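I wanted to see how the aromatic rings are arranged, and what surrounds them. These are my entries, in the order I looked things up.

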Amino acid sequence: MKRNAFLKVGSALLACSVIFGAAVPAWADSAATADQLMFKVKTGSTSAIMNGNSETIVKPYSDHGTVMVPLGLFKRTFGSEVRLENANVVKVMYGAHTVSMTIGSRTAWVDGRKITLNAAPAMVAGTLMVPLRVVAEGIGASIAPESSGTLVVSLTPMDDAMDDEDVGIDADLGKTKIGNSFYGWTMNYPSGLILGGGEQDESIISFNDSEDKYYFEVHASNQDVKLGADELLAMLVEDSKDAGEIVVDRESFPQAKVPYARIIAKDGDGTFWESRMYYNNDRLYEIYFADLKATNYKDLKKYAGLLNSFNTSYNPSDKSVKDLSTVKNGMRSEYNDDYGISLNVPAGWSVDNSNMYYESKGGSYLSLNVSSSPKGSTLEQWSDELKTWLKESFVPDSYQIVGTSPIEVSGEQGLVNEVRYNYGDGWVTEFEVMLLHNGYRYYGEYAVPDTQKQDLSKFKDLMKSIDIDFKVVSDNFGNMEEDAFLISRGKTTTKVSKAFQYQINIPQYWTANQDKFEKSPVEYQFVGGRFRITADKSTSLDAAVNQLKSYYADAAKFQKNFKLEKTENITFAGEPAVSITLHQVKDGIPYSAQQILLQKNDIVYTISTSLNDANATDSQKAALDQTLKSFAWTPSK
């Protein structure tokens with residue numbers, strides 16, 4: 001069941017709910033004035049005034065000249081939204097403002113702008129302490145000191161402030177519902193809500209309440225095949241049983257406006273869960289709700305109103321809905337702290353911020369990279385290097401160089417190469433964006449398959465959205481590694497395996513998938529090709545060869561695009577060996593492969609190579625040939 005992957009996250013949120021507020025009443029008190037929300041704090045004091053009420057808090061303190069206060073002050077006083085992401089990233093949101101911080105890090109983001117903190121957010125007595133001024137001013141509040149040393153933090157509410165009818169609902173300034181405009185769902189705003197973690201693409205969002213009464217998740221995923229209520233019920237029951245739960249109640253609702261199914265199950269810890277599935281608008285919606293106080297499945301009835309309020313639609317004109325989506329104009333803001341790069345990515349794309357890789361479901365992708373620039377290197381030289389790499393990696397019929405043009409990214413002048421290539425399964429247009437700044441190369445690669453030509457129009461908007469704080473890299477990095485695909489193909493590194501008594505020269509431009517030479521296998525990849533060595537002590541050469549021959553004989557019978565070209569006896573590294581070569585088309589890509597099998601000291605070695613037809617250039621074939629010739633035995637232990 002999907003929710004099982006999030007149980008640890010949910011439990012952590014519940015255990016640490018004091019992070020977001022001390023043990024005090026809910027924040028839903030009357031405002032200090034009709035048009036001001038306000039709290040007063042003083043370093044060293046456990047007393048705070050929030051909208052006219054005296055509360056006990058973890059005492060603020062000063063760190064490197066920065067006043068640190070409990071994060072919960074901002075939610076309980078102003079009704080700002082607090083999110084926890086990836087266990088240690090905390091976001092405070094109010095209106096159009098967002099402040100993002102990482103526990104233990106001095107890097108923060110205010111409305112997409114990167115700043116450096118004098119003091120990092122830190123856990124103190126189970127409460128998250130954050131820099132007062134950064135958060136307050138970041139969400140639009142003002143700070144004024146009093147003569148006694150007390151700091152007064154005030155905020156003017158937004159125009160859609162709370163109506164009388166909303167009093168008593170723990171909502172964000174009058175919002176009585178929550179939802180996600182991108183995935184298209186809404187539901188009533190749960191009382192005492194704390195927004196927890198989930199997926200970066202918002203497909204999963206988790207919540208719990210401030211009093212540890214419940215925990216729940218909402219999932220949304222694309223589902224092309226229509227599912228009826230009974231099918232949904234069968235899926236819920238099967239998932240629950242697979243998780244080792246006891247299903248105590250089940251029901252399907254085929255006549256509902258949006259057909260759905262629900263079950264109540266008891267997990268191994270004795271917690272009762274109500275799980276629901278809905279199918280609508282080519283999406284599967286799932287709710288997983290845990291009543292943490294229930295002793296009988298009937299206890300969940302008190303939450304029926306909340307769960308029944310779930311709606312598989314979103315009305316953007318409904319001002320009572322708090323939109324949990326960060327998607328604006330079809331784009332989602334992303335950033336990488338290490339390199340000081342922020343950008344907007346199309347909603348629905350997969351996101352890997354740590355590696356700065358973003359990909360659409362159709363195969364278009366944007367990849368960003370930062371590396372050291374060789375001394376004296378120019379943009380023009382770099383552009384030529386990329387073109388040379390393309391020529392050395394693809395045969396003439398499989399690539400095109402369209403041209404080079406100037407481009408501006410984040411206020412910096414650069415160049416962009418437009419090229420096209422085809423591995424055999426279709427042409428791809430690629431824009432190679434190059435920036436040079438202060439001794440570092442900033443490289444962007446935007447690739448679009450011909451089957452997704454509509455994504456070509458996104459290139460300019462993506463480049464305009466990129467904002468780079470160039471100071472971050474120069475402050476945090478010295479000499480960085482070179483781009484692997486620009487390393488000379490003649491450079492090699494000698495690798496030695498003591499366990500298997502061989503050595504081999506590996507081209508430095510190859511990328512290691514597994515490179516622990518004291519273990520088996522080792523594997524490298526390069527453009528359009530792979531190289532692999534296995535060492536097996538549990539078989540014989542004859543058995544290994546016969547097994548491969550049998551496998552390939554079957555493949556030749558049943559695979560249309562498979563051809564076993566030849567099997568021959570050769571000498572390899574001074575030992576008798578068997579070489580098997582073949583040609584195959586897999587996933588639309590034609591390639592040639594060779595396997596060399598030999599035995600020495602009761603170890604059977606299999607050396608496998610493959611190279612796409614589109615990438616079988618003289619340079620690539622020479623690198624493979626030289627690597628095979630470099631294989632040699634080392635002295636026995």
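I counted the aromatic pairs in this predicted model and got 40 of them.

I then took up Trp349 and Tyr446. Their ring centres are 6.4 Å apart and the planes meet at 10 degrees, under the 30 degrees that counts as stacked, so I entered the pair as stacked. I looked up where the two residues sit in the chain. Trp349 is in the loop between strand 26 (341-346) and strand 27 (350-352), while Tyr446 belongs to strand 33 (residues 440-449). The two are 97 residues apart, and the pair thus links distant parts of the chain.

Are these two rings buried or exposed? Trp349 has a relative accessible area of 5%, so I noted it as buried, the limit being under 20%. Tyr446 is buried too, with a relative accessible area of 0%.

Next I checked Phe517 and Tyr524. Their centres are 6.4 Å apart with 40 degrees between the planes, and I recorded this aromatic pair as tilted. Both Phe517 and Tyr524 are buried. I also found both in a cluster linked by ring pairs, whose other members include Tyr502, Tyr509, Trp510, Phe572 and Trp633.

For charges over rings, I noted Lys600 over the face of Trp633, 5.4 Å from the ring centre. Arg332 lies over the face of Phe182, at 5.7 Å from the ring centre.

Last, I looked at the nonpolar cores. The largest has 33 residues, and Phe39, Phe74, Phe78 and Leu132 have the most contacts inside it. A second, separate core holds 30 residues, among them Tyr440, Tyr446, Val448 and Leu462.

How values were computed: Residues are numbered from 1 along each chain as its sequence is written. This is a predicted model: local features need pLDDT of at least 70, side-chain atom pairs count only at pLDDT 80 or more; totals for chains, interfaces and linings use all residues. Side-chain values use heavy atoms; hydrogens and water are left out. A nonpolar core is a set of buried Ala, Val, Leu, Ile, Met, Phe, Trp, Tyr and Cys residues joined through side-chain atoms within 4.5 Å. Buried means under 20% relative accessible area, exposed over 50%, partly exposed in between (1.4 Å probe, protein chains only). Rings of Phe, Tyr and Trp (its six-membered ring) pair if their centres lie within 6.5 Å; planes under 30 degrees apart count as stacked, over 60 as edge-to-face and the rest as tilted. Helices (H or I, at least four residues) and strands (E, at least two) are DSSP runs, numbered from the N terminus. A charge sits over a ring if NZ of Lys or CZ of Arg is within 6 Å of the ring centre and within 35 degrees of the ring normal.
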